[in-house]
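Biologist: I am new to this structure, and I would like a close look at a single part of it, namely the spaces left among its atoms. Please begin with the open ones and then go on to the enclosed ones.

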Amino acid sequence: MSEAVRRTLERPLASYQLVLGTSALLLGIGLVMVLSASSIFALVNYGSSFSIVIRQLIFAVIGVTGAVIASRMPLPLMRRLIRPALLVSVALIGATFIPGVGITVNGNRNWLPLFGGFQLQPSEFAKLALVLWIADLYARRQKYLGTPRYVLTPMVPVAGSVAMLVVLQHDLGTAVVIFAVIVGMLWIAGLPRRHMGGILAVLFVGLVVAVANSPHRVARMLNFTNPQADPDSAGFQAIHGMMALARGGFWGVGLGGSRQKWGSLPEAHTDFILAVIGEELGLLGTLVVLALFIVLGFAGIRIAMRTRDPFVRYGAAGITIWLLIQAVINIGMVLGMLPVIGIPLPLISYGGSSLLVTLVSLGVLLNFATTEPGAKRALAAGRTSRKRAAAPAPARVRVAGRR
């Protein structure tokens, strides 16, 4: 078995296929579970059980289209578009502070209105733009990264400013992910431990200040170790998430059979969708989701280690850190191991902006996978063979013989 796995991983397109396969499976599971978890809420609030999943499906189609474009975009063109994309995303974050333009949802002023009742969350787009900007910066400074000041500036001031804008939106969850990306990229770039300790200390103080300015966040931080201390307020969501997981057992109660989604569990189809998965599909279902994220993380790390392009190395590492950290935080808060700070589970939770950006980032990761040795040649050969197989066979012309 191990020999077969080793041979499979030695194939030039192994990383490409792992990213593509796990992304497709997670997206499929996400769409099914969004339908299941949101059906009652959608029926009560919108008059149709399919209202929310249809919105998610629209963003999924747009996201897959964007992923295909990103997967085939020449890397030089991608690098030229990074700075404008970062500037646009920061400008859109700034627009959320304009009275009458920005929309506040659950205390977070991080949304912009779109047509048809859709909304846009610019901070989600800033994640991808920031990761690629840092990757491009470090790739251009590859020879000088042994000097700490070339690692820290202007990366930390720029990325820190974007994170602080998100904190001012009261979106602590997204800010934590951006802070994690900053730390992860500094580590990948080889920042010495002494400087890394200083960065971690500053980030810790910043998070403490951000939490202290919100009584609601303080209550959740203090309550997560013992939700029973305040079961009707700060601990309500965590308790009902645990109840869903406990009721599901190993095999689950069956798809569509959740009780908590009937109104007991807040954000059942968004931040706490894993609790509904645990209730309906059981521990087995949650382990499948966890295993898929592990495989996706393995593929991202493999791409970063096997490529010869420094931009791809830093970009693949940054995207992998971002998606895995976000998944770990979401899973940890559903399991009661971390405070509830409002972070969606990538590809699974409902949320158009998050889904769209995640799919595009995975398209970028697919693009990066083609830089591995022999990958482009194998991918081109596969496309050529598929075109030949799909082409109609030439008609045979029968020539009449002479009598």
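**Open and enclosed spaces**

Modeller: The largest pocket has a volume of about 1400 Å³. A pocket is, on a 1 Å grid over the protein atoms alone, an open set of points with protein on both sides within 12 Å along at least five of seven lines, whereas a cavity is a set where a 1.4 Å probe fits but cannot get out, and lining residues have an atom within 4 Å of a point. Points are joined across faces, edges and corners, and a volume is the space filled by probe spheres set on them.

This is a predicted model, in which local features need pLDDT of at least 70 and side-chain atom pairs count only at pLDDT 80 or more, while totals for chains, interfaces and linings use all residues. Residues are numbered from 1 along each chain as its sequence is written, and side-chain values use heavy atoms, with hydrogens and water left out.

Around the largest pocket there are 49 lining residues, and those nearest its centre are Val105, Asn106, Glu267, Thr270 and Asp271. This lining is made up of 20 nonpolar, 21 polar and eight charged residues, where Ala, Val, Leu, Ile, Met, Phe, Trp, Tyr, Cys and Pro count as nonpolar, Asp, Glu, Lys and Arg as charged, and the others, Gly among them, as polar. At least two lining residues come from each of H2, H3, strand S2 (108-113), helix H8 (172-188), helix H10 (215-223) and H14, these labels being DSSP runs numbered from the N terminus, with helices (H or I) of at least four residues and strands (E) of at least two.

The second largest pocket has a volume of about 520 Å³. It is lined by 19 residues, and Ala85, Phe125, Leu128, Leu132 and Val360 are the ones closest to its centre. H3 and H14, which also contribute to the largest pocket, each give two or more residues here, as do H4 and helix H5 (122-140). Of these contributors, H4 gives the most, with seven residues. The lining of the second largest pocket has 17 nonpolar and two polar residues, but no charged ones.

Helix H3, which takes part in the lining of both pockets, has buried residues (under 20% relative accessible area with a 1.4 Å probe and protein chains only; exposed is over 50%, and partly exposed lies in between). They are Ser51, Ile52, Val53, Gln56, Phe59, Ala60, Gly63, Gly66, Ala67, Ala70 and Ser71. These buried residues of H3 pack against helix H2 (14-46), helix H4 (75-95), strand S3 (119-120) and helix H14 (352-369).

Turning to the enclosed spaces, the count is two cavities of 30 Å³ or more. The largest cavity holds about 90 Å³, and its lining consists of Arg220, Asn223, Phe224, Pro227, Ala234, Gly235, Ala238, Met333, Gly336, Leu338, Pro339 and Val340. Eight of these residues are nonpolar, three are polar and one is charged.

Ile343 helps to relate this cavity to the largest pocket: among the residues it touches, beyond those up to four places away in sequence, are Met333 and Asp271, of which Met333 lines the largest cavity and Asp271 is one of those nearest the centre of the largest pocket. Ile343 sits in the loop between H13 and H14, and it is buried, with a relative accessible area of 2%. Its C-alpha atom is 8.4 Å from that of Ala327, although the two are 16 residues apart in sequence.

The second largest cavity has a volume of about 40 Å³ and is lined by Leu296, Gly297, Thr320, Leu323, Leu324, Leu362 and Leu365. Helix H12 (273-306), helix H13 (310-334) and H14 each supply at least two of these residues, and H13 gives the most, with three. By class, five are nonpolar, two are polar and none is charged.

Ser23, in helix H2, is in contact (heavy atoms within 4.5 Å) with Leu296, Leu347 and Leu362, once neighbours within four places in sequence are set aside. Leu296 and Leu362 belong to the lining of the second largest cavity, and Ser23 itself is buried, with a relative accessible area of 10%.

As for the chain that surrounds these spaces, its secondary structure comes to 15 helices and three strands, and 48% of its 403 residues are buried. Its C-alpha atoms fill a box of roughly 100 × 55 × 50 Å along the principal axes.
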